[in-house]
Amino acid sequence: MTGPLRVVVADDQALVRTGFRMILTADAIDVVAEATNGTEAVEAVRRTLPDVVLMDVRMPEMDGLEATRRILTGASNEPRVIILTTFDLDHYVYAALSAGASGFLLKDVTPEHLVAAVRMVRSGDALLAPAITRRLVERFASRSADTAAIHRDLSALTPRELEVLRLLAQGLSNAELAAQLCLSEATVKTHVARILAKLGLRDRVQAVVVAYETGLVSPSGV
């Protein structure tokens, strides 16, 4: 994680791209390319190899969902993708999270939150709190046949790891998980890391999606 943080901004609105560029560059973050549609975004990522992509979901020619899928499928140096939206519970956002995006931001995000979000996902963290992700998953999981579901077999997980995943999907933080399971936070972090590794997931956001889509957790939280 050394060197300047490199970002691609993909949005069909020039004012949004310009505003985000100004905010990021003022905080010593390099905006290495801009894109006005998904096709340009995919090309820009392949050309510049950024750390993070800010991706609008609704763009002409190719939307942000398809662009996210292409960027995160088979690339040797996969960037982190943050979805930009004007709606906090958009089914496109859910599909993008399933496809591998690390979180989402509303377009009216404050400059401080934007910078913090980009730095957070670059370090490997998921942008969303599990409770927010859970709300999104509860609303959209299994509603549409074209949803970009994450198909995973949970049989590789130990009983303890299944328990951790179930609680994680219900919105508990590491500290809350540790308290409920009478474990140290370091042990909880180890369990979470093993769950992600065994299931081939990028972060906690995808883990929450998997927990719902496999039926480990129901929308009622049971």
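This is a chat between a student and a tutor about a predicted model of one protein chain.

Student: Let's start with the inventory. How many helices and strands does the chain have?

Tutor: There are ten helices and five strands. Keep in mind that the model is predicted.

Student: And what share of the residues counts as buried?

Tutor: Of the 222 residues in the chain, 50% count as buried.

Student: What about contact range, say for residues at least 6 apart in sequence?

Tutor: Among those contacts, 69% join residues at least 24 apart.

Student: OK, on to the sheet. In what order do the strands sit, and is the pairing parallel or antiparallel?

Tutor: The order is 2-1-3-4-5 in an open sheet of five strands, and the pairing is parallel. Strand 2 (30-35) and strand 5 (103-106) are the edge strands, each pairing on one side only. From one strand to the next, the twist averages 25 degrees.

Student: How many bridges join strand 4 to strand 5?

Tutor: Four bridges join them, and the two strands run parallel. I83 has F104 of strand 5 as its bridge partner, and T85 stands opposite L106 in strand 5.

Student: And how many between strand 3 and strand 4?

Tutor: Five bridges there, again with the strands running parallel. As an example, L54 has I82 in strand 4 as its bridge partner.

Student: Is strand 4 mostly covered or mostly open?

Tutor: Mostly covered: five of its six residues are buried.

Student: Which strands does helix 3 touch?

Tutor: Helix 3 (residues 64-71) packs on the sheet and touches strand 3 (52-56) and strand 4. The direction of helix 3 makes about 155 degrees with that of strand 3.

Student: Switching to electrostatics. How many salt bridges are there?

Tutor: The count comes to eleven salt bridges. As a general point, side chains of opposite charge can pair when their charged atoms come close.

Student: Which residue does D27 pair with?

Tutor: D27 forms a salt bridge with R119, and the closest N and O atoms are 3.0 Å apart. D27 lies in the loop between helix 1 (14-25) and strand 2, while R119 is in helix 5, so the pair ties together parts that are 92 residues apart in sequence.

Student: How accessible are the two partners, D27 and R119?

Tutor: D27 is partly exposed, with a relative accessible area of 35%. R119 is partly exposed as well, at 36%.

Student: What about a pair within one helix? Where do E43 and R47 lie?

Tutor: Both lie in helix 2 (residues 38-48), four residues apart, which is about one turn of the helix. Their side chains meet in a salt bridge of 2.4 Å, N to O. E43 counts as partly exposed, at 41% relative accessibility.

Student: And which residue does E161 meet in a salt bridge?

Tutor: That would be K198, at 2.9 Å, N to O. The pair links distant parts of the chain, with E161 in helix 7 (residues 159-169) and K198 in helix 9 (residues 185-199), 37 residues apart.

Student: Is E161 buried or exposed?

Tutor: E161 is buried, with a relative accessible area of 4%. K198, on the other hand, counts as partly exposed at 40%.

Student: Which residues are linked in a network of salt bridges?

Tutor: D11, D56 and K107 are linked that way.

Student: Now for R204. What is the nearest side chain of opposite charge?

Tutor: For R204 that is E176, 7.6 Å away. The cut-off for a salt bridge is 4 Å, so a separation of 7.6 Å is outside it. R204 is buried yet has no salt bridge.

Student: So which side chain does R204 reach with a polar contact?

Tutor: R204 is joined to the side chain of N174 by a polar contact of 2.6 Å. As for its place in the fold, R204 is in helix 10 (residues 204-213).

Student: Last one: is R122 buried or exposed?

Tutor: R122 is buried, because its relative accessible area is 13% and the cut-off for buried is under 20%. R122 is found in helix 5 (residues 111-122). The C-alpha atoms of R122 and V53 are separated by 9.9 Å, although the two residues are 69 residues apart along the chain.

Notes:
Residues numbered from 1 in each chain as written. Predicted model: local features only at pLDDT ≥ 70, side-chain atom pairs only at ≥ 80, totals over all residues. Heavy atoms only, no water. Buried < 20%, exposed > 50% of the residue type's maximum accessible area, 1.4 Å probe, protein only. Lys, Arg positive; Asp, Glu negative; His and termini not counted. Polar contact = N/O pair within 3.5 Å; in protein donor to acceptor, adjacent residues only side chain to side chain. Pairing = 2+ DSSP bridges. Axes fitted to C-alpha atoms, helices over the stretch in contact; angles between N-to-C directions. Contact = heavy atoms within 4.5 Å.
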